[in-house]
Amino acid sequence: MRSLSRTLGLFAILLLALLFSGVDSARAQDAVGDFFQGLFGGRQHPPQARPAARETGRMRRLVPHREYSAPAYWHGQSKAAKKDKTQKPEDPNAPPPFQVAVIGDSLGQMLADGLDEAYSDRADIRILHKAKDSTGLVREDYFDWPKAARELLAGGDKIDMAVIMIGSNDRQAIHEGAETIETLSPRWRERYAQRVETVRAAFREKKIPLVWVSLPVTKSEHFAADMAKLNDIYRQAAAQDSAAFIDIWEAFADERNQYQAFGPDINGRIVKLRSADGVHFTDVGARKLAHFVEGEIKRLFDARHPAPDAAPAEAALPPAEGTPPAEAAVVAPPVQIIAPSGPAPAVAPTLPADRPAIGQTQSLTSAAVAADGELARRVKSPSTTGEAQAAAARALVDHIFVEGGEQPSQPGRADDFSWPRGGAKVTPVSTPTPAQASTPAPAVVPSAAAETR
C-alpha cells in the first residue's frame, strides 16, 4: 500500500512539473516528459505559420455546370479541340476530296472524331466537324438546327454527304409561344417529327444524301426508354423516302439488350466503350461508332468515284502499226500453280462408266478373317509345324472371340496374377472330407522364393 501511494505521489509531482513548465525546448528534450506524452496522447506540436500568399493571388478551380459546359465536365473535350488540327498542304493537281459533314450534338462530335480517325490516312475523304454540343431540335431559341442546316448548305464548303446524330438533349418540353407541350406526348412527337423533316428537307432540296444515326442505349433505364422513342421517330422519317438510317442500339448493348460499359472494339478486344456518365463514348467507343457509318460512306464514295476498269480497255486496243501479225498474236500462257506434293495430273480423273450401283455384299454373321484365313498368329517356333500353329491360332480365336472366354495369362506378363509371381501356379485344394477335417492341417512353410519377395 505504501509503495502504491509513493508511486502516485511521484506521478503527481512529475505531472505538476510538466504543467507549470513554460519552456518548450526543455520539455522537448526531457526523456521522462516524452514518455508520458507518448503514453497519454502524444506530443502536441505548435501550429506552423502559413507561408505568405503570392502576389499573383490564389488560383481557384471552377467546376462548370452541366447546362452551360456539358462537354468539358461530362466527357471531356472533343479530340478535334484537344489536338492541333494542322492541315497538310494540299496538292493543287489532286481531285477535290469527298467531304462528309457531320452535324448534331455532343454525340455527333464524337462520331466526327471517330470518322476523322478512321480516314486519317486518306486524303480523298475529308470529315467536316459541324456538330455543336448542348444542342438539339427542341430548344430553337438556343440553337436553331433547321436554320443552321440551310446556312451550312449555302456556305462555301462543297458537301457530298451529311451524317447527323442528335437527340440526347431533347428530353424537354417544347415551347411555342404561350403553349407548353409536354415531353414525349403525342402532340410533342408530332411537332418533333416536323422539325426532323425540316432538317431532312434542307438536304433533300440540295440532293445531298443525309445519313441519320440512332441514339445509343444509356445507363439510365428511363433515359434509355426515351432515347428508344426518339429513335422510332428518326426511323419512321427515314422510311418515308427510303433514306439511310443506321441503328447502333444493339452494337453497344449486351445479350439482354441492356447497357454495358465494356465491349469489343473494332479489333475484338474487350475495352471500355462508354464514359462515366453512361451516355457518351470513350475514344475507342467513338471509333467503334464510326465503324458502322464507314460502310455507308464507302458506298456513296464508290458511287461518285467508280474504280477505273483498265483491263478490258487494254485488251480491246488494236495492235500498234508496224507490228508483225505473228508477234501481235502472241499471248502469254496462263500461270500454272502446281502443288509441291507432286506433279499435277495431265487430265482430271473420271469414274468408270460401268460403275455398279451396289458394292460387294458382306455377311454380318460370319466371322471376318484376314486374307490368309487367320485372325491371330503365334510366334513361330522351330518345334511346331505350320498346321499345328494354325490349329492353335484358330482355337485361341474361337475361345476368346466366339466363346467369350478369357485369354490365358503368361508368366511375367501384366495379367499374370499367380502367386508366387512368376512361379508355378498353385493347384486348387479340394474340399476336405469329415475325416480329413478332424486331422489338423500341417503348417505351411513359405518357400525361399516367397521369402525373397
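Which residue caps the N-terminal end of α6? In this predicted model, the cap is Asp105, with a side-chain oxygen 3.1 Å from the backbone nitrogen of Leu107.

**The chain as a whole**

The chain holds 15 helices and 9 strands. Of its 453 residues, 28% are buried. Among contacts with a separation of 6 or more, 64% link residues 24 or more positions apart. The overall values are set out below.

| Property of the chain | Value |
|---|---|
| Buried residues | 28% of 453 residues |
| Contacts between residues 24 or more positions apart | 64% of contacts with a separation of 6 or more |
| Exposed area | about 33,100 Å² |
| Exposed area supplied by carbon and sulfur atoms | 57% |

**Helix α6**

Helix α6 covers residues 106–118. Its 13 residues should span 18 Å at 1.5 Å a residue, and this agrees with the 19 Å between its end C-alpha atoms. The helix is mostly covered, with 12 of its 13 residues buried. Leu107, whose backbone nitrogen meets the Asp105 cap, is one of the buried residues. The buried residues also include Asp113 and Asp116, along with Leu111 and Leu115.

**Link to the core**

The largest nonpolar core has 68 residues. Leu111 and Leu115 belong to the group that touches the most other members, together with Val163, Tyr192, Phe203 and Leu230. Leaving aside residues up to four places away in sequence, Leu111 touches Val102, Val163, Met165, Val213, Leu289, Ala290 and Val293. Val163 therefore appears both as a contact of Leu111 and in that group, where a nonpolar core is made of buried residues joined through side-chain atoms within 4.5 Å.

Conventions:
Residues numbered from 1 in each chain as written. Predicted model: local features only at pLDDT ≥ 70, side-chain atom pairs only at ≥ 80, totals over all residues. Heavy atoms only, no water. Helix = DSSP H or I, 4+ residues; strand = E, 2+ residues; numbered from the N terminus. Buried < 20%, exposed > 50% of the residue type's maximum accessible area, 1.4 Å probe, protein only. Contact = heavy atoms within 4.5 Å. Areas by Shrake-Rupley, 256 points an atom, 1.4 Å probe, with all protein chains shown as cover. Expected span 1.5 Å × (residues − 1). Polar contact = N/O pair within 3.5 Å; in protein donor to acceptor, adjacent residues only side chain to side chain.
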